[in-house]
Every structure is written in C-alpha cells, then in structure tokens.
Amino acid sequence: MAYWLYKSEPNVWSWEQQKAKGAVGEEWTGVRNYLARNNMRAMKIGDKGFFYHSNEGLEIVGIVEVCALSHPDSSAKGDPKWDCVDIRAVTDMPKPVTLKDVKANPKFEKMALVTSMRLSVQPVTDEEYFEICRLGGLDNPPKSPA
C-alpha cells in the first residue's frame with residue numbers, strides 16, 4: 001500500500017475547494033521540487049493521502065485519493081520536467097490532526113511531516129497513516145489498493 005501527504009496553503013487551494021471538485025478531482029499543480037515530483041510519479045490510482053493545510057491552520061483536514069496518474073503539469077508552461085497527479089476528496093477528517101499533535105507523538109518522529117517540513121508531497125508509512133486516522137477520529141479509514 002502507498003499513502004501520501006499533500007500540502008496546500010488554504011488561501012491558495014483549500015480543503016473546501018478540493019471537495020467542491022467532486023469525483024472529477026483536480027490537478028495537483030505547481031510542485032517545483034524534484035523529490036515531490038518523483039513522489040507523484042510513483043503514485044498509483046486509488047492511493048490515499050492526507051490533505052494538509054500549511055502556513056495557516058497547520059493541520060490534516062481530509063483524505064484524498066489519486067484519480068489520474070502522473071502527467072505533464074498544466075501550470076508548467078510546457079516545461080516537460082514537471083508532472084502532477086489528479087486527486088479527489090474522499091472524506092473529511094472528523095477531528096483535524098494538527099502539526100503540534102504530530103510533533104508531540106513519538107510514533108511520528110521519523111515522519112516526513114516532521115523531518116522534511118518543506119516537502120510539499122510526502123510519503124506516509126502505513127503505520128503513520130492509520131495512527132493519524134485514529135487520532136482524527138476515523139474508525140474505518142479508506143485504504144490504498146494493495
């Protein structure tokens with residue numbers, strides 16, 4: 001299974017805007033970091049991930065899934081080195097999980113959200129995913145395909 005975390009500034013692209021896109025989803029554009037791009041290139045249809053409000057809020061507010069594989073980023077003005085995936089909202093996090101919560105929990109000491117704060121698209125381990133879902137009040141969290 002593969003899980004991810006996507007960071008977005010809520011004043012640029014919010015969880016409410018993501019949910020409003022419905023089943024069609026939205027391109028996750030504008031990523032200009034090679035590691036984050038490579039993470040998106042590794043994604044598969046149905047992979048789940050956290051939607052994280054950065055800069056303002058600093059909390060995991062929902063779960064998304066990949067609905068289109070890596071393809072050229074439409075915001076890259078024809079630059080072939082930048083790709084993106086499309087994601088769609090799956091469910092709200094009943095109780096948003098804050099960065100403070102994550103940093104206070106020793107189970108997350110190696111989590112990319114703690115160790116690689118600036119990376120906008122990050123891998124999440126199975127253990128991290130299910131523990132954050134538990135903290136967020138999701139008793140039966142959506143799972144990535146095997």
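Modeller: Before we start, one cut-off: a residue is called buried under 20% relative accessible area, exposed over 50%, and partly exposed in between. Also keep in mind that this is a predicted model.

Biologist: Got it. So is Lys 19 buried, partly exposed or exposed?

Modeller: Its relative accessibility comes out at 29%. Buried needs a value under 20% and exposed one over 50%. Neither fits here, so Lys 19 counts as partly exposed.

Biologist: Which residue forms a salt bridge with Lys 19?

Modeller: Look along helix α1, residues 15–20, for a residue 3 positions away, about one turn of the helix. That partner is exposed, with a relative accessible area of 52%. The closest N and O atoms of the pair are 3.2 Å apart, and the residue joined to Lys 19 is Glu 16.

Biologist: Now the sheet. What is the order of its strands?

Modeller: It's an open sheet of 6 strands with mixed pairing. The edges are β2 (26–27) and β6 (121–124), each of which pairs on one side only. Reading across from one edge to the other gives β2-β5-β4-β3-β1-β6.

Biologist: How many bridges join β4 to β5?

Modeller: Strand β4 covers residues 59–72 and β5 covers 83–98, and the two run antiparallel. You can pick out facing residues: Ile 60 is opposite Val 97, and Ala 68 is opposite Asp 86. The number of bridges between β4 and β5 is 10.

Biologist: And β3 with β4: which residue in the turn has a positive phi?

Modeller: These two strands run antiparallel, joined by 6 bridges. They form a hairpin with 5 residues between them. The phi in question is about 65 degrees, and the residue is Asn 55.

Biologist: Which residue in β4 does Lys 48 stand opposite?

Modeller: Their side chains also meet in a salt bridge, at 3.0 Å from N to O. The pair links distant parts of the chain, strand β3 (residues 48–53) and strand β4, with 17 residues separating the two partners. Both partners are buried. The one facing Lys 48 is Glu 65.

Biologist: What is the distance between the closest N and O atoms of Glu 65 and Arg 88?

Modeller: Glu 65 forms a salt bridge with Arg 88. This pair also links distant parts of the chain, since β4 holds Glu 65 while β5 holds Arg 88, 23 residues apart. Arg 88 is partly exposed at 25%, whereas Glu 65 counts as buried at 16%. Their closest N and O atoms are apart by 2.8 Å.

Biologist: How many residues of β4 are buried?

Modeller: Glu 65, at 16% relative accessibility, is buried. The strand as a whole is mostly covered. Of its 14 residues, the number buried is 10.

Biologist: Last topic: which residues are the closest to the centre of the largest pocket?

Modeller: The pocket holds about 660 Å³ of space. Of the 22 residues that line it, the closest to its centre are Lys 7, Ser 8, Glu 9, Ser 54 and Ser 120.

Biologist: And how many residues of the lining of the largest pocket are charged?

Modeller: Strands β1 (3–8) and β2 each supply at least two residues of the lining. Sorted by type, it has 8 nonpolar and 8 polar residues. The charged ones number 6.

Note on methods. Residues numbered from 1 in each chain as written. Predicted model: local features only at pLDDT ≥ 70, side-chain atom pairs only at ≥ 80, totals over all residues. Heavy atoms only, no water. Pairing = 2+ DSSP bridges. Helix = DSSP H or I, 4+ residues; strand = E, 2+ residues; numbered from the N terminus. 1 Å grid on protein atoms, 1.4 Å probe; cavity = no way out; pocket = protein on both sides within 12 Å on 5 of 7 lines; lining within 4 Å. Points joined across faces, edges and corners; volume = space filled by probe spheres on them. Nonpolar A, V, L, I, M, F, W, Y, C, P; charged D, E, K, R; others polar. Salt bridge = Lys/Arg side-chain N within 4 Å of Asp/Glu carboxyl O. Buried < 20%, exposed > 50% of the residue type's maximum accessible area, 1.4 Å probe, protein only.
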